[in-house]
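Hi,

Here is the model I promised to pass on. Could you load it and then read my notes below alongside it?

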Amino acid sequence: MTDEEILALIQDETARQAQNIQMIPSENHTSEAVLAALGTRLSDKYAEGYPGRRYYGGCEVVDKVEDLARERAKTLFGVSHANVQPYSGSPANLAAMLAVLDPGDTIMGLSLPFGGHLTHGHTVSATGQYYKSAPYQTGKDGFLDYDAIAELAAKEKPKLIIAGATAYPREYDWKKFRQIADSVDAWLLADISHISGLIAGGVHPSPAGIADIISTTTHKTLRGPRGAMLLCNGEPSNPSKKPERTRNNLPSLIDRAVFPGLQGGPHINTIAGIAVALKEATEAEFKTYAKQIVANSRRLASQLSDRGFELVTGGSDNHLLLIDMTSKAISGAEAETVLDTVGITVNKNSVPFDARSPFDPSGIRMGTPAITTRGMKEPEMDIIAEIIDQAIESRSDQKKLNALSNQIKELAARHSLPS
Ligand SMILES: Cc1ncc(COP(=O)(O)O)c(C=O)c1O
């Protein structure tokens, strides 16, 4: 690379990731093979449309790339149709809505301060501005309260219910969501962005065949490049005719919503990276990886609970932990800063019924996907839990924080980034 300034910053960021441990649950470290696909000539190519139906010439090679990605996604997730073009999770969710809703229709997703994503209908998101949002909450215990969701659905009569979250540490009961959606004749969108790698690895139930549409980012537990996919069942209809909004027409409805509804040319280099990640996710090692993510999360949860940390829902079934820091007399933002000082990257997060503001919430969210990619297992979780505990306890003792930071550096050095 000849741009010395950018090269130096790339090297700095790589060093930051390598010397610290990344515990933001939506982050991961991709393989070198995925990275290699991203920085290629595929990035140069315009390919508006879909394989076999492009608006540009010279697409004979990139058609094969996109077809491979689509086929791999279909096989891995057990669906009949995959759209691999969404630029990221947020446009994927908006495209799903564009496919089946009219402006002003009511949508029901998990409220942001309770763990939902912005694109599940928050007022600052286009999804909350173009659609009428009737958000549901978790129960006081932090678990999804399906009876309360059903009650709200009966009252609000949404056209779409979104199942899925960005900060929920437990399993989703897809069938219960289906029953609720059916009771009000609503579409069901399962946003599996956080857990798609766990589903691919067989350690979380799949919504395939239950939800109408599945959206997922590709860069979280699935360990691909930044991107997203929309998955569904049905049959593609005549592309020159506007499809009716039926379940069987979902493939065409979704494809038209992504392009030309919301996006222009697909990022073919990203789609190639997604194809590589999907292939990696079919390998036996990926199942072991997914299992270890959950085992690590559970171990970390029990180790932190033993040290007096208050976990929302009391534990974790997946890759993430949501911790209310109130009992440790520290805010989420302060805890994030203290842990950053010792080299553990987490993020501040609201907890259900948070008494503090979303900008300065009570909790932190942490996850195990990236450290599991680096080969860390239960013994390392014990070390990390102890360091987190000591860092929070000794937060005003800089000497102690320096010593803990050295311990993290040593741990990180023993577990390199994928090569
Ligand atoms: C559940 C969920 N959906 C959608 C998104 C949006 O993804 P992106 O940041 O790629 O737009 C996220 C991102 O964190 C997410 O957690």
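**Notes on the model**

Let me start with aspartate 141, which is partly exposed at 49% relative accessibility (buried is under 20% relative accessible area, exposed over 50%, partly exposed in between, with a 1.4 Å probe and protein chains only). Before going on: this is a predicted model, where local features need pLDDT of at least 70 and side-chain atom pairs count only at pLDDT 80 or more, while totals for chains, interfaces and linings use all residues. Residues are numbered from 1 along each chain as its sequence is written, and side-chain values use heavy atoms, leaving out hydrogens and water.

**Surface patches**

Back to aspartate 141: you'll find this residue in the loop between β6 (132-133) and α6 (146-156) (helices are DSSP runs of H or I with at least four residues, strands are E runs with at least two, numbered from the N terminus). Together with Asp145, Asp147 and Glu151, Asp141 makes up a negative surface patch. Patch residues have over 30% relative accessible area and no salt bridge; like charges are joined within 9 Å, and nonpolar side chains (Val, Leu, Ile, Met, Phe, Trp, Tyr) within 5 Å. Asp and Glu count as negative, Lys and Arg as positive, with His and the chain ends not counted; a charge is placed at NZ of Lys, CZ of Arg, CG of Asp or CD of Glu.

There is also a nonpolar surface patch of about 400 Å², built from Met1, Ile6, Leu9 and Ile10 (areas by Shrake-Rupley with a 1.4 Å probe; for residues, only the protein chains shown count as cover). Methionine 1 sits in the segment before α1 (4-19) and is exposed, with a relative accessible area of 59%.

**Salt bridges**

I get 20 salt bridges in the structure (a side-chain nitrogen of Lys or Arg within 4 Å of a carboxyl oxygen of Asp or Glu). The pair you may want to pull up is glutamate 156 with lysine 132, whose closest N and O atoms are 3.3 Å apart. Glutamate 156 belongs to helix α6 and lysine 132 to strand β6, so this bridge ties together parts that are 24 residues apart in sequence. Glutamate 156 is partly exposed at 21%, and lysine 132 is partly exposed too, at 45%.

Arginine 41 pairs with aspartate 44, with 2.8 Å between the closest N and O atoms; arginine 41 and aspartate 44 are both exposed. Then there's lysine 176 with aspartate 173, where the closest N and O atoms are 3.8 Å apart. Here lysine 176 is partly exposed at 37%, and aspartate 173 is partly exposed at 29%. Finally, Arg178, Asp182, Asp212 and Arg247 are linked in a salt-bridge network.

**Backbone oddities**

Where is the cis peptide bond? Look between phenylalanine 259 and proline 260. Omega is about 10° there, and proline 260 has its place in helix α9 (residues 250-262).

Two residues have a positive phi although they aren't glycines. Aspartate 185 has a phi of about 60°, in the loop between α7 (174-183) and β8, and is exposed with a relative accessible area of 69%. Alanine 329 has a phi of about 55°, in the loop between β12 (320-324) and α12 (332-341), and counts as exposed at 63%.

**Cysteines and buried isoleucines**

How many disulfides does a search of the whole structure find? Zero, taking a disulfide as a pair of cysteine sulfur atoms within 2.5 Å. Cysteine 59 is buried at 5% relative accessible area, and cysteine 232 is buried at 2%.

Isoleucine 192, in the loop between β8 (187-191) and α8 (196-200), is buried because its relative accessibility is 0%. The C-alpha of isoleucine 192 is 18 Å from that of glutamine 137, with their positions 55 residues apart along the chain. Isoleucine 408, in helix α15 (residues 398-414), also comes out at 0% and counts as buried. From isoleucine 408 to threonine 217, 191 residues apart along the chain, the C-alpha separation is 29 Å.

Cheers
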